[in-house]
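These are my notebook entries on one protein chain. I looked up its fold, its core, its cavities and a few single residues.

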Amino acid sequence: MKTVLSFLALLASSASFAASDNYDCRVSAPEVATTADGKKTLQPMEGLPPEALSFKMKMSEKDLEVIWEKSPIQMSGKNPIFSTGEGAGAVIFLSSGPCLLTDKMCGSLLNYAKQKDGSLLILITPTALVSEQDGSKRPFLAAVYGKCGKGSGA
């Protein structure tokens, strides 16, 4: 009986979203980690049009769908959520490209945390690869921060 009650409590705590919640999201330009004089900093990428920095999401208990027609990182589609805490989770997105930050396929991890006002704070970490002058390649860190408010979702 204790196991059944624990399972029901787990289900209740993970069901912090309605059958389908819709969000309108706005993100900052991707920030790229750079190193200068031994110090690491995040520098924003420039040149992305404003319409590339907003998208819509539909969230159910199990899935998150991103509708982002002008996604500079090719992040869109419907994928399963894995819970990282109460009202928080993460979703992995993959795309065959073309990609802004890689030569071939793209990938992004979207992390979210629900706020008291019902909005979501989000952090997107896309896969990123730079080609050096000598022909070698190295991964680098890129981060996209944003917020989603209740909206139409589609």
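**Notebook: cavities, core and selected residues**

I began with the second largest cavity and found it lined by Val 27, Ser 28, Pro 30, Leu 53, Trp 68, Pro 72, Ile 73 and Val 144. A cavity here is a set of points, on a 1 Å grid over the protein atoms alone, where a 1.4 Å probe fits but cannot get out, and lining residues have an atom within 4 Å of a point.

**Basis of the entries.** I note that the model is predicted, that local features need pLDDT of at least 70, that side-chain atom pairs count only at pLDDT 80 or more, and that totals for chains, interfaces and linings use all residues. Residues are numbered from 1 along each chain as its sequence is written, and side-chain values use heavy atoms, with hydrogens and water left out.

**Cavities.** I recorded two cavities of 30 Å³ or more in the structure. The second largest holds about 30 Å³ of space; a volume is the space filled by probe spheres set on the grid points, which are joined across faces, edges and corners. I sorted its lining by class and obtained seven nonpolar residues, one polar and no charged. For this sorting, Ala, Val, Leu, Ile, Met, Phe, Trp, Tyr, Cys and Pro count as nonpolar, Asp, Glu, Lys and Arg as charged, and the others, Gly among them, as polar.

I then turned to the largest cavity, with about 50 Å³ of space. Its lining consists of Ile 73, Cys 99, Leu 100, Leu 101, Thr 102, Cys 106, Gly 107, Pro 126 and Thr 127. By class I entered six nonpolar, three polar and no charged residues. Ile 73 appears in the lining of the largest cavity and also in that of the second largest.

**Overall fold.** I counted one helix and 13 strands in the protein chain. Helices (H or I, at least four residues) and strands (E, at least two) are DSSP runs numbered from the N terminus. Along the sequence, the pattern reads α-β-β-β-β-β-β-β-β-β-β-β-β-β. Of the 154 residues, 32% are buried, where buried means under 20% relative accessible area, exposed over 50% and partly exposed in between (1.4 Å probe, protein chains only). Among contacts (heavy atoms within 4.5 Å) with a separation of 6 or more, 50% join residues 24 or more positions apart.

**Core.** The largest nonpolar core has 27 residues, and Phe 55, Met 57, Leu 64, Leu 110, Ile 122 and Ile 124 have the most contacts inside it. Two or more residues come to this core from each of strand 1 (21-27), strand 4 (54-59), strand 5 (63-67), strand 8, strand 9 (106-114), strand 10 (120-126) and strand 13 (142-150). I use nonpolar core for a set of buried Ala, Val, Leu, Ile, Met, Phe, Trp, Tyr and Cys residues joined through side-chain atoms within 4.5 Å.

**Aromatic pair.** I found one aromatic pair in the structure. Phe 55 and Trp 68 form it as a stacked pair, 4.3 Å centre to centre with 25° between the planes. The pair links distant parts of the chain, with Phe 55 in strand 4 and Trp 68 in the loop between strand 5 and strand 6 (77-80), 13 residues apart. Rings of Phe, Tyr and Trp (its six-membered ring) pair if their centres lie within 6.5 Å; planes under 30 degrees apart count as stacked, over 60 as edge-to-face and the rest as tilted. Phe 55 counts as buried because its relative accessibility is 4%, and Trp 68 is buried at 5%.

**Strand 8.** Are Ser 95 and Leu 94 buried or exposed? Ser 95 lies in strand 8 (residues 88-95) and counts as buried because its relative accessibility is 14%. Leu 94 is also placed in strand 8, but at 66% relative accessibility Leu 94 counts as exposed. Leaving aside neighbours within four places in sequence, Ser 95 contacts Gln 74, Met 105 and Cys 106, while Leu 94 touches Cys 106 and Gly 107. I also noted 8.4 Å from C-alpha to C-alpha between Leu 94 and Ser 76, which are 18 residues apart in sequence.

**Gln 74.** The phi of Gln 74 is near 55°, a positive value in a residue other than glycine. Most residues other than glycine have a negative phi. Gln 74 lies in the loop between strand 5 and strand 6 and is partly exposed, with a relative accessible area of 30%.

Technical notes:
1 Å grid on protein atoms, 1.4 Å probe; cavity = no way out; pocket = protein on both sides within 12 Å on 5 of 7 lines; lining within 4 Å.
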